[in-house]
Amino acid sequence: MSRIIIFTGKGGVGKTSVVAAHALRAARSGMNTLLVSADMAHNLGDVFEIETGGERAEADKNLTLLELDPGKIMREHYPDLNRSIVQMISTSARSADIGSGFMIPGFEDLFMLLGIRDLYESGEYDLILVDCAPSGETLSLLKLPELLEWYMEKFFPVGKFMTRVLSPVSEMLYKVQLPGSDAMDQISVMHRNLVELQDLLRNPEVSSVRLVTLPEKMVNEETKRTYMYLNLYGYHVDRVFINRVLPPQPENPFMENWREIQKQYIEEMESVFTHIPVTKIPWYPEEIRGTAAVERLSRELPATEELFASREAESDIGLWTGGSEVYEAVEEGYCLKLRMPGAKDVAVKLHDQDLEIRALNMLRIIPLPNVLRRAKIVRTELTEDELHVVFRPEREAL
Ligand SMILES: Nc1ncnc2c1ncn2[C@@H]1O[C@H](COP(=O)(O)OP(=O)(O)O)[C@@H](O)[C@H]1O
Ligand SMILES: [Mg+2]
């Protein structure tokens, strides 16, 4: 079964460089590899120093690059959809010229993800690596069916039948042109495709997410949040890369000081990702450009078998519990469940927006969702292999 690995992280942390290194490693080991960019700020071509121009391009033996063009996916697969939405907006807002290139905010990302699903379905590749948009934008995608539902409610408050009946009326009364039935068909196809896409991206046997971060305060904070949300929405984060780790330079006190600062943030990341492998990548004296530079970076990655190992079947209810946390609504508020087989003395403490768990000499930091900000811990329980922490959120947060 082929795999999809998605790379995300704050802008500029080295997502494209790290994904390129994965791609080269995979291709050289004989896997038919596709590296797709779903980041509007495409730069795959720059890294491999080839022209991509929106079409598939061969970067190396077994290695194809593709920078997805959401406009093209939309024009080819859902032509009526956008046309009628643009029409609706322009008639209701009476704005003279929105133009045919107009795209509804948030839709680019949806179309790009749909493109990834089509590529997976084609079965052409052993491995699909996705260079994703910076974490902020990626997160909105996690909620894609909700996002689409929102659009549907806003633009398509009535069913298809009602559209047919109401169209002439709405045009007369409200000067709004409701979408035709072709567009409604496309909306429902798109909705179904998005639900399927989400299932695919949440299936741990097929898909996983890798986070790229830097040993810096703000980047760390964003990485923790991203991880928390991915976990919350049932995506499987299986690796973390800390990029730009300074090499030792004992003769240089300035750099040594920065190394000390980095060390602190690396330790913090290692406390958050106790159950997920963390790989450190050195800061090189020059940019990652061209195949030789990508190859050098790829030598820092773990062994190939480890890097692209297939997932064990996760037979239960579809929740990933391999050391990650799961939240459940309970009477008092929420219960966080964390697999901790064999743990005995566990101390749990809230610190800022994190939960600190100490067991023996281990510290695990769990970034909490907003709803648990300023929550109270009502009780903690230790079952045979799980820790349960029950929270009562502040009143207004509920
Ligand atoms: N380990 C590294 N050492 C030196 N330069 C790096 C390293 N990782 C990334 N870079 C450079 O930093 C810049 C941003 O990296 P890039 O991979 O494009 O980040 P992103 O895709 O997250 O925006 C690029 O110029 C890249 O060549
Ligand atoms: Mg990039």
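This briefing goes through the overall make-up, the sheets, the helices, the ligand surroundings and two unusual backbone angles of the structure shown above. The model is a predicted one, and the protein in it holds 13 helices and 15 strands. Of its 398 residues, 34% are buried, and among contacts with a separation of 6 or more, 70% join residues that are 24 or more positions apart.

**The eight-stranded sheet**

- Eight strands form an open sheet with mixed pairing, and their order across the sheet is 3-4-2-5-1-6-7-8.
- The edges of this sheet are taken by strand 3 and by strand 8 (278–282), each of which has a single partner strand, so that one side of each is left without a neighbour in the sheet.
- On average, and with direction ignored, neighbouring strands here are turned by 25 degrees against each other.
- Strand 1 (residues 3–8) and strand 6 (residues 207–213) pair in the parallel sense, and five bridges connect them; along this pairing, Thr 8 of strand 1 stands opposite Leu 211 in strand 6.

**Helices that lie across that sheet**

- Helix 10 (residues 217–232) lies across strand 1, strand 6 and strand 7, and its direction makes an angle of about 165 degrees with strand 6.
- Helix 11 (residues 253–272) lies across strand 6, strand 7 and strand 8, and in this case the helix runs at about 180 degrees to strand 7.

**The surroundings of ligand 1**

- There are 17 residues around ligand 1, and those that come nearest are Gly 14, Lys 15, Thr 16, Ser 17 and Glu 287.
- Two elements give two or more residues to this shell, namely helix 1 (15–28) and strand 7 (237–245).
- Helix 1 supplies the largest share of the shell, with three residues.
- By residue class, the shell around ligand 1 is made up of eight polar, five nonpolar and four charged residues.

**The packing of helix 1 on helix 12**

- Helix 1, which also contributes to the shell around ligand 1, packs against helix 12 (residues 291–298) at an angle of about 85 degrees, with the two axes 8 Å apart.
- Because of that angle, helix 1 is roughly perpendicular to helix 12.
- From helix 1 the contact uses Ser 17, Ala 20, Ala 21, Leu 24 and Arg 25, while helix 12 brings Val 294, Glu 295, Leu 297 and Ser 298.
- The residues of this contact between helix 1 and helix 12 comprise five nonpolar, two polar and two charged ones.
- Ser 17 appears in two of these settings, since it is listed among the residues that come nearest to ligand 1 and is also part of the contact of helix 1 with helix 12.

**The three-stranded sheet**

- A second arrangement, an open sheet of three strands, follows the order 11-12-13 and has antiparallel pairing.
- Its edge strands are strand 11 (346–351) and strand 13 (362–367), each of which pairs on one side only.
- Neighbouring strands of this sheet are turned by 20 degrees against each other on average, again with direction ignored.
- Strand 11 and strand 12 (residues 354–359) are joined in the antiparallel sense by six bridges; in strand 12, Ala 359 stands opposite Val 346, and Leu 355 stands opposite Leu 350.
- Strand 11 lies largely in the open, because the number of buried residues among its six is zero.

**Two residues with a positive phi**

- Asp 352 is located in the loop between strand 11 and strand 12, and phi of this residue is near 50 degrees, a positive value in a residue other than glycine.
- The hairpin of strand 11 and strand 12 that contains Asp 352 has two residues between the strands.
- Asp 352 counts as exposed, because it has 11 C-beta neighbours inside 10 Å and the limit for an exposed residue is 12 or fewer.
- Glu 49, likewise not a glycine, has a positive phi of about 55 degrees, and this residue is found in the loop between helix 2 (44–48) and strand 3 (57–60).
- Glu 49 is exposed as well, with 12 other C-beta atoms within 10 Å.

Methods. Residues are numbered from 1 along each chain as its sequence is written. Chains are lettered from A and ligands numbered from 1 in the order in which they are written. This is a predicted model: local features need pLDDT of at least 70, side-chain atom pairs count only at pLDDT 80 or more; totals for chains, interfaces and linings use all residues. A residue is near a molecule or strand if its C-beta atom, placed from the backbone, lies within 6 Å of it. Helices (H or I, at least four residues) and strands (E, at least two) are DSSP runs, numbered from the N terminus. Ala, Val, Leu, Ile, Met, Phe, Trp, Tyr, Cys and Pro count as nonpolar, Asp, Glu, Lys and Arg as charged, and the others, Gly among them, as polar. Two strands pair if DSSP finds at least two bridges between them. Axes are lines fitted to C-alpha atoms, for helices over the stretch in contact, and angles run from 0 to 180 degrees between N-to-C directions. Angles under 35 degrees count as roughly parallel, over 145 as roughly antiparallel, 65 to 115 as roughly perpendicular and the rest as oblique. Two residues are in contact if their C-beta atoms, placed from the backbone, lie within 7 Å. A residue is buried if 20 or more other C-beta atoms lie within 10 Å of its own, exposed if 12 or fewer, and partly exposed in between; C-beta atoms are placed from the backbone.
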